[in-house]
Amino acid sequence: MSAVVAEHDEHHADDHHGPAKGLLRWIITTNHKDIGTLYLLFALAMFFVGGSMAMVIRAELFEPGLQFVDPAFFNSMTTMHALVMVFGAVMPAFVGLANWQIPLMIGAADMALPRMNNMSFWMLVAGVLLLASTLFMEGGAPNGGWTLYPPLVLQPITVGKALPFAVFSVHLLGISSIMGAINIIATIFNMRAPAMKLMDMPLFVWTWLITAFLLIAVMPVFAGAVTMLLTDKFFHTSFFNAAGGGDPVLYEHIFWFFGHPEVYIMILPTFGVASTIIPVFARKPLFGYASMVWATGAIAFLSFIVWAHHMFTVGMPLAGELYFMYATMLIAVPTGVKVFNWTATMWKGAMSFETPMLFCIAFVVLFTMGGFTGLMMAIAPVDFQYHDTYFIVAHFHYTLVPASIFILMAAGYFWLPKWTGHMYNEKIGQLHFWLSAISVNILFFPQHFLGLAGMPRRIPDYAVQFADWNMISSIGGFIFGASQLLFLYIVIDTIKGGTGEKVTDEVWEDASKHSLEWTLPSPVPYHTWTTPPAMVPTEHVLDTH
Amino acid sequence: MNETAAKKNIKLARTLLLVAVAMFGFGYALVPLYDVLCEWKWIERDRPDAIKKAPELAYKVDLNREVTIEFITTLNESTPMEFHAEKKQLKVHPGEYYTVNFYAENKTNKVMIARAIPSFSPAVTSRYFEKIECFCFSEQTFNAKEAKTMPMRFVVNPELPEQYKTITLSYTFFDNTENQ
C-alpha cells in the first residue's frame with residue numbers, strides 16, 4: 001500500500017509543495033505534522049520547566065526547616081509546577097499527538113481547520129509565556145495553589161500583581177484548547193476515510209473525540225470562574241466576596257465542575273495510547289474494543305457528576321456526601337473494565353518488551369494503584385482524614401506521572417521511528433524506563449505514608465517526624481528528574497539519525513494490521529493520504545466483527 | 001480539501017463554538033443555581049439564616065438542657081479595627097433569651113463602613129439560632145476613631161436536635177468602605 005501512496009504523491013507533485021524554507025516554516029505552517037511537532041517539542045520543554053520547579057520543591061523538603069527558598073516562593077513553585085505541567089506539558093503533548101496521529105490514523109490529508117490549528121498553537125505559547133512572566137513580577141507568581149481559590153487568591157499580600165496575568169493566561173490557554181478540540185472533532189467527523197466507520201476507529205482516535213467534547217464543555221466554565229475572580233478583585237463584584245453577599249464555596253463548586261472533567265482530559269488520551277500500543281506488542285487484537293469505547297464514554301459522563309468529592313470537608317448535607325461518594329465509586333466500574341481489557345489483551349499474547357511496551361505495562365500496574373487510592377478517598381468519612389495531606393498528592397501523582405507521563409514517553413518511543421524514519425537506541429530507552437519506573441516509586445510511594453501520618457500538602461517546612469520519608473521521596477525525585485534527561489537525549493539523537501538502522505514502513509512487527517499509519521512510508525512524507533485509503537485495518541476491532 | 005468539505009468543517013466548527021460560548025454562560029448560570037440549591041438544602045449554607053431578623057416569640061424554656069455558645073471574632077486581612085465579644089463563651093438554655101455585647105472600634109482617622117459576616121459551626125445549627133437584634137443585619141458606619149458597643153440578642157430554638165451540645169458563632173468584619 002505504501003508504494004501506491006508514494007506514487008500518488010509524485011503524481012500530485014505540482015499542486016503540493018514541501019515545507020517552507022527556514023525558521024518561517026514553523027511560524028506559518030498549517031501542516032498537521034509540523035504543528036504536531038511544535039506542540040510536542042513545546043510540551044517537552046515545559047515538562048522540563050515544570051520539572052525544575054518540582055526539583056526546587058523536593059530540595060526544600062529534603063530536610064525539615066527552611067533551607068533554600070522563602071515560603072512565598074515555595075508556594076509559587078507548587079502553584080506554577082501544577083499549572084505548567086497541566087496546561088503547558090500534559091495537555092499540549094496530547095494535542096501534539098492528536099495532530100500527528102489522528103489524520104494518519106483515519107486516512108485524512110490534514111486537520112479539518114489547518115489555519116485555526118496554527119493559531120491555537122501560538123496562543124498556547126502566548127498563554128504560557130504570560131503565565132511565566134508572573135515569576136518576575138513584584139510579589140512573585142501566583143502562590144495560592146493551582147486551584148486559585150478565593151479568598152486566598154484575592155488577598156493583595158498573597159498575589160502581588162500576578163492575578164490578572166494568571167487569569168488572562170488561563171483565558172488564552174482555554175481558547176487555545178477549545179480551538180484544538182473543535183478542530184479534532186471536525187477532523188474525526190468530517191475527514192475520515194470513507195471506508196472507516198466510527199466503530200473502526202483506533203482507540204486513540206475514540207478517546208480523543210470524547211476528550212475534545214469534555215474540553216469544549218468545561219474549559220469555558222473555568223474561564224468564567226477566573227473571570228469572576230477578576231471582577232471580584234478589580235470591579236467590586238461579589239461572586240465570592242462574603243462581605244458583599246458572595247460565597248467562596250461557590251468558587252469551589254464551579255472550579256471542580258471544570259476540574260474533575262479536566263483530570264479525565266489528561267487521562268482519556270492516555271488510555272487511548274495504551275490501547276493502541278499494547279495490542280502491537282502482545283501481537284493480538286485489542287480485547288473488548290467496543291467495551292473500551294463505551295467505558296471511555298461512561299467515564300466522561302460520570303466525570304460531570306462527581307465534582308464535589310474534591311470538597312467533602314467544605315460542608316455538605318449528609319445526602320450530598322453520600323451521593324458524591326457513591327457516584328465517584330461508580331467510576332471504578334468502567335475503569336476496571338479498561339484495566340481488565342488491557343490485561344486480557346496481553347493474556348497469552350506473544351509479548352515482546354521493547355521500551356514502549358515496558359512503559360505501557362508499568363502504566364497498567366501503577367495507574368491501577370493510583371486508582372485504588374482514589375477509591376480510598378472517595379469514601380467521604382475517610383477523606384476527612386486524607387484531605388489536603390500528602391496522601392492526595394501521592395494519589396494524583398500516581399495517576400499523572402506513571403500514567404499520563406509514562407504513556408507520553410511510550411508514545412514517543414512508539415511513533416518517533418515512524419515520524420523520523422530512524423530507530424531510537426533501545427539500550428538507552430530501556431535504561432530510561434528502569435530508572436524512571438523505580439525512581440517514580442521511591443518518589444511517590446513514601447508520600448502515602450506521609451499523608452496518612454498527617455503531613456499537610458503545600459508547606460515548605462514540616463514536623464521532624466516526617467523527615468525520613470521526605471528525604472527518601474526527595475532522593476527518588478532527583479533520580480527521576482535526572483533520568484528524564486536520557487529521554488531528551490534519545491529524542492534529539494533519534495531525530496538526528498538514531499542508531500543509523502533504517503526502519504521499515506511498519507516499524508513494529510505486523511503493526512500495519514493494527515492501524516493505518518504503519519502502511520505509510522517511514523519517515524512519513526510531508527503530505528499523506530491525499531487520496532483516502534480504500535480499506536482500513538480492522539485487526540484492532542477483530543472481536544467486534 | 002474540496003469546497004463542500006471545507007463548508008462542512010466550518011459549519012461544524014461554528015456549532016461547536018456556540019456550545020463553548022453556551023458553556024461560558026452556564027458557568028455564570030451556576031451562580032443563581034447555587035443559591036437555589038442552597039435554598040433547597042442540597043448545599044449546606046448558614047448565611048441566609050444567620051443574617052435574618054427573627055420575631056421575638058415566647059418559647060418554653062428547657063431548663064434541663066444546656067448548650068454552649070462560643071463566640072469567635074475575626075478581622076478580614078485589611079480591616080483596621082479592634083473587635084471582640086464581651087465573653088468567649090456562654091452556657092444557655094434553649095428557649096431563653098440572652099444578650100451578648102460586642103465591641104468594635106475604628107482605628108483609623110476616616111469614616112469606615114464595615115460589614116460583619118456571621119458563620120456557624122456546625123452549619124445546620126444556624127436554623128435554630130434565632131437573632132432578634134444583631135449588628136450583622138446591616139452595614140455599620142464608624143466615624144473616625146469611633147468605638148461602639150453592639151448588643152446581639154438571641155434565643156436557641158428548643159427544637160435544636162439533641163446531639164448539638166456546642167454551637168460556634170464566628171463573626172468576621174470586612175472593611176467595605178471602598179466598595180460603596
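Let's start where the two chains meet: the contact draws on 32 residues of chain A and 30 residues of chain B. Keep in mind as you look around that this is a predicted model. On the chain A side of that contact, three helices each put in at least two residues: α7 (162–190), α8 (203–234) and α9 (248–282). The largest share comes from α8(A), with 7 residues. As for chemistry, the face that chain A turns to chain B has 23 nonpolar residues, along with 8 polar and 1 charged.

Now step back and take in chain A as a whole. You'll be looking at helices here: chain A has 17 of them, and 0 strands. How does its radius of gyration sit against that of a compact globule? For 545 residues the globule would come out near 24 Å, and chain A has 23 Å, so the two agree. If you'd rather think in terms of a box, the C-alpha trace of chain A spans about 70 × 50 × 45 Å along its principal axes.

Two more numbers fill in the inside of chain A. Buried residues account for 54% of its 545 residues; buried here means that 20 or more other C-beta atoms lie within 10 Å of the residue's own. Then there's the question of how far apart in sequence the contacting residues are. Take the contacts in chain A with a separation of 6 or more: 81% of them join residues 24 or more positions apart.

Over to chain B, which is split into domain 1 (1–43) and domain 2 (47–179). Measuring over C-alpha atoms is the way to place them: the centres of domain 1 and domain 2 of chain B are 42 Å apart.

Chain B also has an open sheet of 4 strands, paired antiparallel, and if you walk across it you meet β2, β4, β8 and β6 in that order. Which strands stand at the edges? In chain B those are β2 (81–85) and β6 (129–133); each has a single partner strand, so one side of each goes without a neighbour in the sheet. From one strand to the next, the twist averages 30°.

Finally, zoom in on β4 and β8 of chain B. Strand β4 (residues 97–106) and strand β8 (residues 147–156) run antiparallel and are joined by 9 bridges. For a single spot to look at in this pairing, find Asn101(B): opposite this residue, in β8(B), stands Pro151(B).

Note on methods:
Residues numbered from 1 in each chain as written. Chains lettered and ligands numbered in written order. Predicted model: local features only at pLDDT ≥ 70, side-chain atom pairs only at ≥ 80, totals over all residues. Contact = placed C-beta atoms within 7 Å. Nonpolar A, V, L, I, M, F, W, Y, C, P; charged D, E, K, R; others polar. Rg over C-alpha atoms; globule rule 2.2 N^0.38 Å. Buried ≥ 20, exposed ≤ 12 C-beta atoms within 10 Å, placed from the backbone. Pairing = 2+ DSSP bridges. Axes fitted to C-alpha atoms, helices over the stretch in contact; angles between N-to-C directions. Domains from an automatic or database assignment.
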